[in-house]
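Please open the structure in your viewer and keep the selection tool at hand. The stops below are to be visited in order.

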Amino acid sequence: MPTQPQVLSDLDFLLSAFRPKVDLMIAAMTARGFKLRVFETRRSRQRAHYLASIGKSKNGALSMHCLDAALDCVDAEKLWDNPAFFRALGEEAQKLKLTWGGDWDGNPLTKESFVDSPHVQAIPVHLQNRFRALRTAEERNLFIQRYYA
């Protein structure tokens, strides 16, 4: 099995148009009594391919993490073993018009079937291909700003 590439979790990697929503989501989770840990933000292509190879990612290098438009959050104490945390994360993400990976359960609206409860991204699944076609961070930030307008 290949060596796992480094996990990057600095919020400063996120696109500037996405970051304020993430900060609000984290504050809301804290207000609800949860201690959130940002597990991953930016994802290298190597890590994306590694995760796809072990069945932990569906999109490989097409991941929104590789475009600085997604993050994975876990409970700081229970990590992935806290269903109440993930339900709250989904509720708070949706209030902010963010896309939560916990909804990816075969729902025809999301067109996803890979449930990813720690995952939150800036844009809905049906806009991903348009977003991926953008070449620069500036173009991606403008896209996000228009989506939230």
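Select L89 in this predicted model and display its surroundings. Apart from neighbours within four places in sequence, L89 is in contact with M25, M29, L36, C73, W100, S117, P118 and V120.

Next, widen the selection to the largest nonpolar core, which has 36 residues. L89 is among the residues with the most contacts inside this core, together with F18, F131 and I144. Colour the contributing elements: α1 (19-31), β1 (36-40), β2 (70-75), α3 (83-95) and α5 (137-148) each supply at least two core residues. Which element gives the largest share of this core? That element is α3, with five residues.

Now show α1 and α3 alone. Two packed helices are described by the angle between their axes and by the distance between those axes. For α1 and α3 the angle is about 135°, and the axes are 10 Å apart. Angles over 145 degrees would count as roughly antiparallel and those from 65 to 115 as roughly perpendicular; α1 and α3 are therefore oblique to each other. Their crossing is right-handed.

Display the side chains where these helices meet. On the α1 side, select M25, A28 and M29; on the α3 side, select F85, A88, L89, E92 and A93. By class, this contact comprises seven nonpolar residues, no polar residue and one charged residue.

Move next to F13, in the segment before α1. Is F13 buried, partly exposed or exposed? Its relative accessible area is 26%, so F13 is partly exposed. Beyond residues up to four places away in sequence, F13 touches L8, T41, R42 and D68. A distance label from F13 to L127 should read 21 Å, C-alpha to C-alpha, for two residues 114 apart in sequence.

From F13, step to its contact D68, which is in the loop between α2 (45-53) and β2. With a relative accessibility of 12%, below the 20% cut-off, D68 counts as buried. Inspect the backbone here as well. Most residues other than glycine have a negative phi. D68, although not a glycine, has a positive phi of about 60°.

The final stop is L79, in the loop between β2 and α3. L79 is another residue other than glycine with a positive phi, in this case near 55°. The relative accessible area of L79 is 29%, and L79 is thus partly exposed.

Key:
Residues numbered from 1 in each chain as written. Predicted model: local features only at pLDDT ≥ 70, side-chain atom pairs only at ≥ 80, totals over all residues. Heavy atoms only, no water. Core = buried A, V, L, I, M, F, W, Y, C linked by side-chain atoms within 4.5 Å. Buried < 20%, exposed > 50% of the residue type's maximum accessible area, 1.4 Å probe, protein only. Helix = DSSP H or I, 4+ residues; strand = E, 2+ residues; numbered from the N terminus. Contact = heavy atoms within 4.5 Å. Axes fitted to C-alpha atoms, helices over the stretch in contact; angles between N-to-C directions. Parallel < 35°, antiparallel > 145°, perpendicular 65-115°, else oblique. Left-handed = near helix turned anticlockwise from the far one by under 90°. Nonpolar A, V, L, I, M, F, W, Y, C, P; charged D, E, K, R; others polar.
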